[in-house]
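Here is a short report on one protein model. Look at the sequence and the fold first, then read on.

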Amino acid sequence: MVRRKSSRPKSNASNASSRRNFAMDKHAKKRRVNGMLKEIARLQRSTKLLIPRAPFARLVRQIMLDLFPRLESQRIQHSALEALQEAAEMYLVQFFEDALLICLHTKRVTLMVQDMILCRRLRGRGDIINR
């Protein structure tokens, strides 16, 4: 079955308003994209850590409690926690960069779970996340 346009003519007023709405949507999208690009550039220039310290410290303490449940005092030096956070963030950034390259190779701009799964497979069993 073939679809055809309706034979009813459209009014010029509705066409003008739809064109105006489309142009406004187009400009809003452009502003949004520019804002995202500025934020990415700002984050790439900065050297500060991206994950907040307190939630990361809570996560590390929870992991330490899971690994060593019998230890009562679980203390970690501030410099050790900072080094651990820096290494974790560097690993995550590199992982997402590799997954994004896979995504771009498939001619997509949206990062998907399948890209991350393939990235894990390509990194092999020796990778820290695959042990």
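A search of the whole structure finds 3 salt bridges. The model is a predicted one. The table lists each pair with its closest N to O distance.

| Salt bridge | N to O distance |
|---|---|
| Arg123 and Asp98 | 2.7 Å |
| Asp115 and Arg108 | 2.7 Å |
| Arg123 and Asp127 | 3.8 Å |

**A linked network**

Start with Arg123 and Asp98, whose side chains meet in a salt bridge. Arg123 belongs to helix α4 and Asp98 to helix α3, so this pair ties together parts that are 25 residues apart in sequence. How exposed are the two partners? Arg123 counts as partly exposed because its relative accessibility is 24%. Asp98 is also partly exposed, because its relative accessible area is 31%.

Arg123 has a salt bridge with Asp127 as well. Asp127 has 12% relative accessibility, so it counts as buried. The cut-off for buried is under 20%. Together, Asp98, Arg123 and Asp127 are linked in a network of salt bridges.

Now take the bridge between Asp115 and Arg108. Is Asp115 buried or exposed? Asp115 is buried, because its relative accessible area is 2%.

**Helix α3**

Helix α3 runs over residues 78–105. It has 28 residues. From its first C-alpha to its last, α3 reaches 41 Å, close to the 40 Å expected at 1.5 Å a residue. After α3 comes Lys107, which has a positive phi, near 65°.

Which residues of α3 are buried? They are Leu81, Gln85, Glu89, Tyr91, Phe95, Ala99, Ile102 and Cys103. What covers them? The cover includes α2 (53–67) and α4. So α4 appears twice in this picture: it helps to cover α3, and its Arg123 forms a salt bridge to Asp98 of α3.

**Aromatic rings**

How many aromatic pairs does the structure hold? It holds 2. In one of them, the rings of Tyr91 and Phe95 have centres 6.3 Å apart and planes at 20°, so the pair is stacked. The cut-off for stacked is planes under 30 degrees apart. Tyr91 and Phe95 are 4 residues apart in helix α3, which means that about one helical turn separates them. Both Tyr91 and Phe95 are buried.

The other pair joins Phe95 and Phe96. Their ring centres are 6.1 Å apart and their planes are at 75°, so this pair is edge-to-face. The cut-off here is over 60 degrees. Phe95 counts as buried because its relative accessibility is 6%. Phe96 is partly exposed, because its relative accessible area is 39%. Ring pairs thus link Tyr91, Phe95 and Phe96 into a cluster.

**A nonpolar patch**

Phe96 turns up again at the surface. With Leu92, Leu100, Leu101, Leu104, Val109 and Leu111, Phe96 makes a nonpolar surface patch of about 650 Å². Where does Leu111 sit? Leu111 is in the loop between α3 (78–105) and α4 (113–123). Leu111 counts as partly exposed because its relative accessibility is 31%. A patch residue needs over 30% relative accessible area.

Conventions
Residues are numbered from 1 along each chain as its sequence is written. This is a predicted model: local features need pLDDT of at least 70, side-chain atom pairs count only at pLDDT 80 or more; totals for chains, interfaces and linings use all residues. Side-chain values use heavy atoms; hydrogens and water are left out. Patches are made of residues with over 30% relative accessible area and no salt bridge: like charges are joined within 9 Å, nonpolar side chains (Val, Leu, Ile, Met, Phe, Trp, Tyr) within 5 Å. Accessible areas come from the Shrake-Rupley method with a 1.4 Å probe; for residues, only the protein chains shown count as cover. A salt bridge is a side-chain nitrogen of Lys or Arg within 4 Å of a carboxyl oxygen of Asp or Glu. Helices (H or I, at least four residues) and strands (E, at least two) are DSSP runs, numbered from the N terminus. Buried means under 20% relative accessible area, exposed over 50%, partly exposed in between (1.4 Å probe, protein chains only). Rings of Phe, Tyr and Trp (its six-membered ring) pair if their centres lie within 6.5 Å; planes under 30 degrees apart count as stacked, over 60 as edge-to-face and the rest as tilted. The expected span of a helix is 1.5 Å times one less than its number of residues. Contact means heavy atoms within 4.5 Å.
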